[in-house]
Amino acid sequence: MFVTLELSKSAWLLAAQAIPSGKTSAHRVSGGDVEGLLALLRRLQAREQRSSGREVAIILGYEAGYDGFWLQRRLSAEAITCFVMDPGSLQVDRRARRAKTDRLDAAMLLRALMAWCRGDHAACRMVQVPSVEREDARRTHRERQRLIAERVQHVNRIKGLLATQGVYTFQPLRRDRWERLNEVRTGDGRDLRQRLRGEIEREFRRLELVLEQVAAAEAERDAAVADPAVTDADAEKVARLARLGGIGTELATVLVREALYRPFANRKQVAAYAGLTPSPYASGDRQRDQGISKAGNPLLRKSMVELAWLWLRYQPGSGLARWFVERIGTARGRIRKITAVALARKLLVALGRYLATGLVPEGARLKAA
């Protein structure tokens, strides 16, 4: 029996179709009511078993999204086969206007799930559900990324407030920011007004709170790698990756926790997971390159592009860096950025091979022990 769920906070809409009868039915349970969902599934399963006279298994699917993976883990614990479907891989009607309701969406998911189980793996794609431990291990570096973005917001706000008064050289991240604020004079030689100064001081306090939380997140991240009592295989991979010149603990943590902890069948899968694969467009006489797909993990993609530029700086003697120089020569501008993305793709494949087999990328330099 195939079942799909369209999830929302208020209600869960269920579409079910059993192989013996071939009939499709729709049902509704309250949002978050797992016990009610399990009871409904058992009733539908028992009904189909009575009509067919044999055992009926349940195969259930729902879209990845706001609800995460807890429902998949709960249903799997109840011996129900549960898949989490990638919503970006589902085929939809391309007409300018199309009917869209939860009932129609559940039916669309049901058709895709049945096609995938028949062997048509182009009908949709399934998300690989991480373990609870791996999902929890990602939180530290993802939190740091959000805190860094918040730090930038506070710094830009302080600089913007001062720029309106003709002050352009103030650096909010300096440790003596409070003392330097007392020395600030506007462009026309006045002291800062009381309300403006009060707003900047409040921004200072918010900035210092963010800096404190960034330091705490980084300490937690480093402890997971440096602690000899930790037997986590992923932590060991982070330490190995950080031995390469140009790769620090933060980048190594992102690469391992986001992608390189899992096996890939080939190099195309590695690049596709990061969204670094090209997207050609060729139809009749029209042929053009649409750039990279950007369909993968955005944090991984951003980190790999950053690492590509770091690799050129800290690993100039490596084979990949020489390939970049030979391909670019003295060119400047957009072509360098395009080739840096290609370097990021090759580098991700090489680092995955390094962690899987121990083969150091050609010419790469290891840090001194």
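Here is a chat between a student and a tutor about a predicted model.

Student: Let's start with A217. Where does A217 sit, and why does A217 count as buried?

Tutor: You'll find A217 in helix 7, which runs over residues 194-226. Its relative accessibility is 5%, and buried means under 20%, so A217 counts as buried.

Student: What does A217 touch, leaving out residues up to four places away in sequence?

Tutor: T140 and R144. Take R144: 73 residues separate A217 and R144 in sequence, yet their C-alpha atoms are 6.1 Å apart in space.

Student: How do you know that the length of helix 7 fits its number of residues?

Tutor: Helix 7 has 33 residues, and 48 Å is expected at 1.5 Å a residue. From first C-alpha to last, helix 7 reaches 47 Å, which is close to that.

Student: Which residues of helix 7 are buried, and what do they pack against?

Tutor: The buried ones are L196, G198, I200, E203, F204, L207, V210, V214, A217 and R221. As for their packing partners, these are helix 5 (139-163), helix 6 and helix 9.

Student: Why might buried positions in a helix be spaced three or four places apart?

Tutor: An α-helix has 3.6 residues a turn, so residues three or four places apart point the same way.

Student: On to charges. What makes E208 and R177 a salt bridge?

Tutor: Their side chains meet at 2.9 Å, N to O, and the cut-off is within 4 Å, so the pair qualifies as a salt bridge. E208 belongs to helix 7 and R177 to helix 6 (residues 177-183), so this pair ties together parts that are 31 residues apart in sequence.

Student: Why is E208 called partly exposed, while R177 is called buried?

Tutor: Check the numbers. E208 has 26% relative accessibility, and partly exposed covers the range between 20% and 50%, so E208 counts as partly exposed. R177 has 7%, and buried is under 20%, so R177 counts as buried.

Student: How do you know that D234 and R257 form a salt bridge?

Tutor: Their closest N and O atoms are 3.8 Å apart, which is within 4 Å, so the definition is met. The pair links distant parts of the chain, with D234 in helix 8 (residues 233-241) and R257 in helix 9 (residues 249-260), 23 residues apart. Both D234 and R257 are buried.

Student: What makes E362 exposed, and what is its salt-bridge partner?

Tutor: E362 has 56% relative accessibility, and exposed means over 50%, so E362 counts as exposed. The partner is R322, with the closest N and O atoms 3.2 Å apart. This pair, too, links distant parts of the chain: E362 is in the segment after helix 13 (334-357) and R322 is in helix 12 (residues 319-328), 40 residues apart. R322 counts as partly exposed because its relative accessibility is 36%.

Student: Which residues are joined into one network by salt bridges that share partners?

Tutor: R144, E218, R221, D222 and E250. The structure holds 23 salt bridges.

Student: Now Q315. Where is Q315, and why is Q315 called buried?

Tutor: Q315 lies in the loop between helix 11 (298-314) and helix 12. Its relative accessible area is 2%, and the limit for buried is under 20%, so Q315 is buried. Leaving out residues up to four places away in sequence, Q315 touches L244, G245, L310, A321, G363, A364 and R365.

Student: How do you know that helix 11 has the expected span?

Tutor: At 1.5 Å a residue, its 17 residues should span 24 Å, and the end C-alpha atoms are 24 Å apart, so the two agree. Its buried residues include L299, M304 and W311. The buried residues of helix 11 pack against helix 5, helix 9, helix 10, strand 7 (286-292), helix 12 and helix 13.

Student: What is the volume of the largest pocket, and which helix gives the largest share of its lining?

Tutor: The volume is about 1,200 Å³. Of the 33 lining residues, the closest to the centre of the pocket are D86, V127, Q128, R262 and Y273. Helix 5 gives the largest share of the lining, 4 residues.

Terms used. Residues are numbered from 1 along each chain as its sequence is written. This is a predicted model: local features need pLDDT of at least 70, side-chain atom pairs count only at pLDDT 80 or more; totals for chains, interfaces and linings use all residues. Side-chain values use heavy atoms; hydrogens and water are left out. Helices (H or I, at least four residues) and strands (E, at least two) are DSSP runs, numbered from the N terminus. Buried means under 20% relative accessible area, exposed over 50%, partly exposed in between (1.4 Å probe, protein chains only). Contact means heavy atoms within 4.5 Å. The expected span of a helix is 1.5 Å times one less than its number of residues. On a 1 Å grid over the protein atoms alone, a cavity is a set of points where a 1.4 Å probe fits but cannot get out, and a pocket is an open set with protein on both sides within 12 Å along at least five of seven lines; lining residues have an atom within 4 Å of a point. Grid points are joined across faces, edges and corners, and a volume is the space filled by probe spheres set on the points.
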